[in-house]
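Student: I am new to this structure and would like a close look at a single part of it. Please take one residue and follow the chain onward from there.

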Amino acid sequence: MKISTGIQKLDEILGGGIESNSAVLFLTGTLIDKSSFSQHILSTRILEGDKGIYLTTSKPPSVILKNMYEHGWESEGMVFIDCISSTLKQESDASYVLKSLVTRPEEAWEETLKLLEKALKETPGLKTVVFDCLEVFMGVGAKRVANDIKKLKNILEDTKSTCLFLFTDWGYSKEELEEVCNVMDTVIRLDTIEKKLLWMNYFQYDESPKILFQITSVGVSIYVPKILVTGPFGAGKSSTIHSLSEKSVSIDKLGTTIALDHGYIEKKGLVCDIFGTPGQERFDWILKILSRDVWGVILVVDSTKPETFERAKEMLEKVRGYEIPFVVFANKQDLPNALSLEEIKRILGFEDVIPTSAIKKEGIEEGLKILFDKIFKLKTI
Amino acid sequence: MRINTGIENLDEKIEGGIPQFSSVLLVGPPGSGKTTFCNQFIYKGLEQNEAAIYILFNAPPDEVKRSMEKFGWRIEGKIIVFIDVYSWQVGGIEKDTYIINNPADLNEFNIKISQAIKELQDKNLKRCCIDAISTLYLYVPKDLCAKFSSVLFAKLKSSKLTSLSTVEKDVIEAKDMATLEALTDGTIELGFDPMAYTQRLMWIRRLKDTKPPLEAIRFTITDKGLVVEK
C-alpha cells in the first residue's frame, strides 16, 4: 500500500507515495538539512495515525521537538531512540538510550539495532521510523550495514513499520553506496545544485526530473526560481505581481515600472520568485537579460486594448516565452469594454488565456496554477 | 605563493610561509602554544586586510578575543567570522557568531561553514583556523570524522583558503592521526625539549612544496606571541 509523504510532488514521482512497511533511503548531499525534510514526512504520517519513532545520532530529542514545533509539524506521541545525548554528556529522558556512539563502532551499531528492534516491538500500531542518520555506522563496513538492514526489514514487515533511513554521502565509494542502496526498497536522492553562489535543493526518485524545494517556516515547499511577468505598457503587470505576492517591491516612477518588479509567492507547498519587466519599448534590452533561466512566463494583456496585442506577442518573443511554458492573463476583465475571452484567444492565437482582474484579484491564482501545471509537466533540470 | 604566519623568524625558515591553499595540522600537548599560533596566524591576515574564518571548539569567541588582546592583537573592525562549536555546552549565545548547537550534526556544521565562506568570499578571504579539529572525535565516530574532514579540507582548498587545524595529541589515536595527515598538506608539531622542559620546540614534520629544516626549531612565547630563534 502506498502512503503519503505530505509532499505532493514527491508522492507524484513515487507513483502515489512510499510503500508501507518498507525501507526507504534518503541519500543526501552534504548541504541538505535532511532531518527537517524527514520530519515533515514523519509529521504527515503522525497526522494520518501512525506512531512516530525517531532514532537520532546527531542531536538530542529536545532539539528535534523544538524544530518540529517551530515548523508547525505534529510530533504527538513520538518515541525517541536517543543515540547521542550520552555521548554529549547530557541527560536524556528518551525511552531508549544508547550508552556511547563513539567508543567501538561494532558495539554501537549492534546496540542501536537492538534498541530499534525493541522500540518497533514495544510500540503498538502502524509506525513510521526516521533513522537519522545511517552513515554514522559506516565504520562497521557497508556490507555489515546492508546485511543487518536486510534482517531488519523482516522486523519492519512484522511490526507494520515504514523506516526512512537518512544517509549523507560524505564521499563513500561507489561499491559502498551500492551495498547500502541495493538493500533498500526505495532510494530517493536529496541534493543541491550550486548556481551563481546560490544553492538550490532538489529531490529526485529514479529517473524523475529533479524537483527543487526549499524548507520554509511551513515545511518542505516546491521551489520555482523564476517566473517572468511581461506585457505591453499599462497592461497591469505590477498589479498582477502585487496581487500574486505578499511581499513585492516595485521600482517605479509615477506608477510606471522603469526597472523591475519583484515578488515572492509562498502558497501551500510552493514558493516562487517572480519578476516583472517594463513594458516600454525603450527598455526592451532588459527583456533579454531578464529572460535568462526563466521557468515560465505570464503574459499580461489589457483586455480593452486589442491594438496592443501585437506588441504583447513581440514581448513574449523577446523573453523567449515560446520556448518555455507560458500563460496569458487577459487583464482588466472587470472593465465594461473588455473583449470577450474567445475574441482575445482568436486575436492572439493562444489557447491558455485566463480572464483576470488584478485590481479585484480575480483569476490570478487559477492562472498561476495552470502555469505551474505546465511547468511541472515539462520541467527537467 | 606563500601565506606568512606572522611568527617572527619562522617564515624565513619555511621559504616565506605556508604554501597558499594548503591545510596544515598543528599538533601538540595542551599548553604547547597551538592556540596562540592560530591566533597569531589569524591576526596577521586581518592586519593585512584579509578576511578570516575561525572555527572554535574549545573556547567561546569572547575568550579568544580577550586572549588576542593580551598580545595587542585587536580585531575590532576586521573581517572575521567565528563559528562557535563551544557555547552549546553552556547555552551561551553571542552576537556576530555562527553558533553550532549540535556538534555531532555534521550537516549543520557543513552548511554553516559554507555560509560563512559565501559571506566572506568577495572580502579577500584567505585564512581559516580550526581549534581543535580533534574535539570532533569526542562526538562523532572516527570513520565519519575522517570522511567529514576530507570534505571539509577539500572545501577549504577549493575556496582558496589556507588553513591551520590544531590536534590535541592525546584525544585521537595514532591511526586516526595518520588518516588526518593523509588528508592535509603539512604537519607542524609543537612541544617541549625533553631534556630542558622549559624550552619550547617546534618541528616542521612535513610541508608541501617546502624543504623544512630538519632540526627542531627553538621558540619562546613573548608579549608579541610566538617568536622563533634565529
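Tutor: Two residues are in contact when heavy atoms of theirs lie within 4.5 Å. The model is a predicted one, and the part chosen here is the loop between helix 6 (174–183) and strand 9 (186–193) of chain B, where B:D185 has its place. B:D185 has a relative accessibility of 15%; the cut-off for buried is under 20%, so B:D185 counts as buried.

Leaving aside neighbours within four places in sequence, the residues in contact with B:D185 are B:F21, B:S22, B:S23, B:K157, B:R206, B:L207 and B:K208. Two of these names return in the polar contacts. The side chain of B:D185 reaches the backbone nitrogen of B:S23 at 2.7 Å. With B:K157, the link is between side chains, a polar contact of 2.9 Å.

Next comes the strand that follows the loop. Strand 9 of chain B runs antiparallel to strand 10 (residues 196–207) of chain B, and eight bridges join them. The connection between strand 9 and strand 10 of chain B is a hairpin through two residues. Within this pairing, B:L190 stands opposite B:M202 of strand 10.

Strand 10 of chain B also pairs with strand 11 (residues 217–222) of chain B, in the antiparallel sense and over three bridges. Here B:L201 is opposite B:R218, a residue of strand 11 in chain B.

To return to the starting point, B:D185 is a buried loop residue whose side chain makes polar contacts with the backbone nitrogen of B:S23 and the side chain of B:K157.

How values were computed: Residues are numbered from 1 along each chain as its sequence is written. Chains are lettered from A and ligands numbered from 1 in the order in which they are written. This is a predicted model: local features need pLDDT of at least 70, side-chain atom pairs count only at pLDDT 80 or more; totals for chains, interfaces and linings use all residues. Side-chain values use heavy atoms; hydrogens and water are left out. Helices (H or I, at least four residues) and strands (E, at least two) are DSSP runs, numbered from the N terminus. Buried means under 20% relative accessible area, exposed over 50%, partly exposed in between (1.4 Å probe, protein chains only). A polar contact is a pair of N or O atoms within 3.5 Å; within protein, one must be able to donate a hydrogen and the other to accept it, and residues adjacent in sequence count only if both atoms are side-chain atoms. Two strands pair if DSSP finds at least two bridges between them.
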